Amino acid sequence: MTTVRVTSWQEGFNKVAFNRLLRDTTGCGLSDAKHAVDRLLNGEPISIDVEHAIKFCKDAEALGASCSLDEQPPVTP
């Protein structure tokens, strides 16, 4: 899993489609997705753990969200 940080949104942001993208990608419920979208609209960045981070970022950016990959250093035993 990779953490994606959604930092802001742009004019024309499709919040309904972004809500659906969150639910489809993370498996979260409608209430959790709506809460995340509301936080984003209020200027608070959100972090999401996803398997296909690059695809999620491309899809989110197509909907008007600005995001980046939160690179974590590998954990060594």
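**Helix packing, core and selected residues**

Glutamate 44 sits in the loop between helix 2 and strand 2; helices (H or I, at least four residues) and strands (E, at least two) are DSSP runs, numbered from the N terminus. The model is a predicted one, in which local features need pLDDT of at least 70 and side-chain atom pairs count only at pLDDT 80 or more, while totals for chains, interfaces and linings use all residues. Residues are numbered from 1 along each chain as its sequence is written, and side-chain values use heavy atoms, with hydrogens and water left out.

Back at the loop, glutamate 44 is partly exposed, with a relative accessible area of 40% (buried means under 20% relative accessible area, exposed over 50%, and partly exposed in between, with a 1.4 Å probe and protein chains only). Its C-alpha atom is separated by 8.9 Å from that of valine 6, although the two residues are 38 residues apart along the chain. Valine 6 itself turns up among the residues with the most contacts inside the largest nonpolar core, along with Val4, Phe18, Leu22, Ile48, Phe56 and Ala60. That core has 21 residues, a nonpolar core being a set of buried Ala, Val, Leu, Ile, Met, Phe, Trp, Tyr and Cys residues joined through side-chain atoms within 4.5 Å. At least two core residues come from each of strand 1 (2-9), helix 1, helix 2, strand 2 (46-50), helix 3 (53-62) and strand 3 (65-70).

Phenylalanine 18 is a handy way into this core. Setting aside residues up to four places away in sequence, phenylalanine 18 touches Val6, Phe13, Val37, Leu40, Ile46, Phe56, Ala60, Leu63 and Ala65, where contact means heavy atoms within 4.5 Å.

Next come the helix pairs. Helix 1 (residues 15-26) and helix 2 (residues 30-41) have axes that come within 9 Å and cross at roughly 130°; axes are lines fitted to C-alpha atoms, for helices over the stretch in contact, and angles run from 0 to 180 degrees between N-to-C directions. The two helices are therefore oblique to each other (angles under 35 degrees count as roughly parallel, over 145 as roughly antiparallel, 65 to 115 as roughly perpendicular and the rest as oblique). On the helix 1 side, the contact is made by Lys15, Phe18, Asn19, Leu22 and Arg23, and on the helix 2 side by Leu30, Ala33, Lys34, Ala36, Val37, Leu40 and Leu41.

Two of the helix 1 residues in that contact can be followed individually. Asparagine 19 is buried, with a relative accessible area of 10%, and, leaving aside neighbours within four places in sequence, is in contact with Leu30, Ala33, Lys34 and Val37. Arginine 23 is partly exposed at 34%; with the same neighbours within four places left aside, arginine 23 is in contact with Cys28, Gly29, Leu30 and Ala33.

Helix 1 also packs against helix 3, at an angle of about 165° and with the axes 10 Å apart. That makes the pair roughly antiparallel. Phe18, Leu21, Leu22 and Thr25 of helix 1 meet Phe56, Asp59 and Ala60 of helix 3 in this contact.

Just before helix 3 there is one more loop residue to look at. Histidine 52 lies in the loop between strand 2 and helix 3 and is exposed, with a relative accessible area of 57%. Histidine 52 and methionine 1 are 51 residues apart in sequence, yet 7.7 Å apart in space, C-alpha to C-alpha.
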